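Student: I am new to this structure and would like a close look at a single part of it, followed by whatever helps me place that part among its surroundings.

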Amino acid sequence: MRMTDNTQSSKQKVRVGIFFGGQSAEHEVSLQSAKNVVEALDKAKFEPVLIGIDKQGQWHLQDSFKLLEEGRTFDRTALETKGSDGVVTFLPGSQTRELVDSGSGRHDKPIDVAFPVLHGPRGEDGTIQGFFELANVPYVGSGVLGSAVGMDKDVMKRLLRDASVPITDFVALHDVDRHEIDLDGLIDRFGLPMFVKPANMGSSIGVSRATDKATLQKAIDDAFQFDQKILIEKTIEGDEIECSVLGNEKPRASTVGRVIPKDNFYSYDAKYLDDEAAKLEIPAKIPEAVVKKAQKTAVEAFKVLGCEGMARVDMFATKDGQILVNEVNTIPGFTMISMYPKLWEASGLSYSDLITELINLAIERFKKRNSLKKSLH
């Protein structure tokens, strides 16, 4: 399955393990993101090695050509129908970073850096990042802590609030307390309409807009299907804006974009399935002072949460000049219509160069961390 390039020996290329699929409800989104990353990867510098994670959690070496041919559609059995060159894994503590076939014990050539294009739980939440740490593999994106707190919207908002970063008003509810939820009390606090969402999910999956007591109850029931903790949030009147952040110790912000949904909010379909469901205004037609304030807020949120590599910060710009952080996505969508790469493209950084910089940031962070002392002697 290894790709070759006549202009440069494959031995000189950085082998990039692209991890995609996964066990979350965003499995199909990940397939589309991975397809775009493979297409845009600079083949003169990098050799892609595709590791598809099925919905049972097994890692499969994948044929990149099949992904490119078939990855345009959200095929729910994609990883099963594409076939596999073997079920593989890393060995924790190994210094070789070789993929090991779980059946034969055969070793594949080492991965130089991992690029997880995994959205949602068990991909964006620090779990696979922890595995990469144990396997001594450099990886793109935030570390364990930044990934975990970025995934949990409740914890994320608490940290931002404690750091005096303005956020949207919210309350977290737990499944174990479902029978005690006071619907009238929520309506009194937040007013109608209000939003209900799973605490640990992305791509607007499980998100509903409640307009009365009946739809509020249904929204709560729907959200609890995806997570044991959910958020109730106040509706914000203002522009829905997004900013991409890139870097490690000295992150920088892209230009700001604005989402103009046709319906009441930026739904899953609007993000990935229906090109007409929302308008992405890049750059956002908002005052320059608001743009600068949003960029500053995005970088501040990135730092507070301990993010690294990349993140997309979703915010609201209210009519009275406030910038409120809504969410921080540590592995934002990389599809052809995704905001993260489009904002950087509008800022002068091409999709291909963006991927190259993310890989370089991962290797740079790995080298710095490995230079730290690991014992007193």
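In what sense do β8 and strand β11 (residues 229-234) pair, and over how many bridges? Please start from there and walk me through the sheet and the elements around it.

Tutor: Please keep in mind throughout that this is a predicted model. β8 and β11 pair in the antiparallel sense, and five bridges make up that pairing. If you want one place to see it, look at His174, whose bridge partner in β11 is Lys229.

This pair belongs to an open sheet of four strands, which are ordered β8-β11-β9-β10 and pair in the antiparallel sense. The edges of the sheet are formed by β8 (170-174) and β10 (208-210), each of which pairs on one side only. From one strand to the next, the twist averages 25 degrees.

Helices pack on this sheet as well. Helix α6 (residues 153-162) touches β8, β9 (194-198) and β11, and the direction of α6 makes about 50 degrees with that of β11. Helix α7 (residues 183-190) lies across β8, β9 and β11, and runs at about 165 degrees to β8.

Staying with α6, you can follow Lys153, which lies in that helix. Buried is taken here as under 20% relative accessible area, and Lys153, at 5% relative accessibility, therefore counts as buried. Lys153 is also 48 residues away from Met201 in sequence, yet the C-alpha atoms of the two are 8.6 Å apart in space.

Lys153 also takes part in the meeting of α6 with helix α5 (residues 144-151), where Val149, Gly150 and Met151 of α5 meet Lys153, Val155, Met156 and Leu159 of α6. The axes of α5 and α6 come within 5 Å and cross at roughly 105 degrees. Since angles of 65 to 115 degrees count as roughly perpendicular, α5 and α6 are therefore roughly perpendicular to each other.

From here we can turn to another set of strands, beginning with β1 (14-21). β1 is mostly covered, with seven of its eight residues buried. Eight bridges join β1 to β2, and these two strands run parallel; within that pairing, Ile18 stands opposite Leu50 in β2.

Strand β2 (residues 46-53) is in turn joined by four bridges to β3, and here the strands run antiparallel. Ile53 has Trp59 as its bridge partner in β3. The hairpin of β2 and β3 has five residues between the strands, and in this hairpin Gly57 takes a positive phi near 95 degrees.

In a regular strand the side chains alternate between the two faces of the sheet. Strand β3 (residues 59-62) lets you look for this, for Trp59 and Leu61 point one way while His60 and Gln62 point the other way, and all are buried. β3 also pairs with strand β4 (residues 87-89), in the antiparallel sense and over two bridges, and His60 has Val87 in β4 as its bridge partner.

Val87 comes up again when you look at Asp101, which lies in strand β5 (residues 98-101). Leaving aside neighbours within four places in sequence, Asp101 is in contact with Gly86, Val87, Val88 and Arg106. With a relative accessibility of 12%, Asp101 counts as buried.

Finally, return to β1 and follow the chain onward to the loop between β1 and α1, where Ser24 is found. Ser24 is buried, at a relative accessible area of 9%. Not counting residues up to four places away in sequence, Ser24 touches His119, Gly120 and Pro121, and a polar atom of the Ser24 side chain lies 2.7 Å from the backbone oxygen of His119.

The loop leads to helix α1 (residues 27-40), whose 14 residues should span 20 Å at 1.5 Å a residue, which agrees with the 20 Å between its end C-alpha atoms. α1 is mostly covered, as 13 of its 14 residues are buried. The axes of α1 and helix α12 (residues 351-370) come within 9 Å and cross at roughly 95 degrees, which makes α1 roughly perpendicular to α12. On the α1 side this contact is made by Ser33, Asn36, Val37 and Ala40, and on the α12 side by Tyr351, Ser352 and Ile355.

Definitions and conventions: Residues are numbered from 1 along each chain as its sequence is written. This is a predicted model: local features need pLDDT of at least 70, side-chain atom pairs count only at pLDDT 80 or more; totals for chains, interfaces and linings use all residues. Side-chain values use heavy atoms; hydrogens and water are left out. Two strands pair if DSSP finds at least two bridges between them. Axes are lines fitted to C-alpha atoms, for helices over the stretch in contact, and angles run from 0 to 180 degrees between N-to-C directions. Contact means heavy atoms within 4.5 Å. The expected span of a helix is 1.5 Å times one less than its number of residues. Buried means under 20% relative accessible area, exposed over 50%, partly exposed in between (1.4 Å probe, protein chains only). A polar contact is a pair of N or O atoms within 3.5 Å; within protein, one must be able to donate a hydrogen and the other to accept it, and residues adjacent in sequence count only if both atoms are side-chain atoms. Angles under 35 degrees count as roughly parallel, over 145 as roughly antiparallel, 65 to 115 as roughly perpendicular and the rest as oblique.
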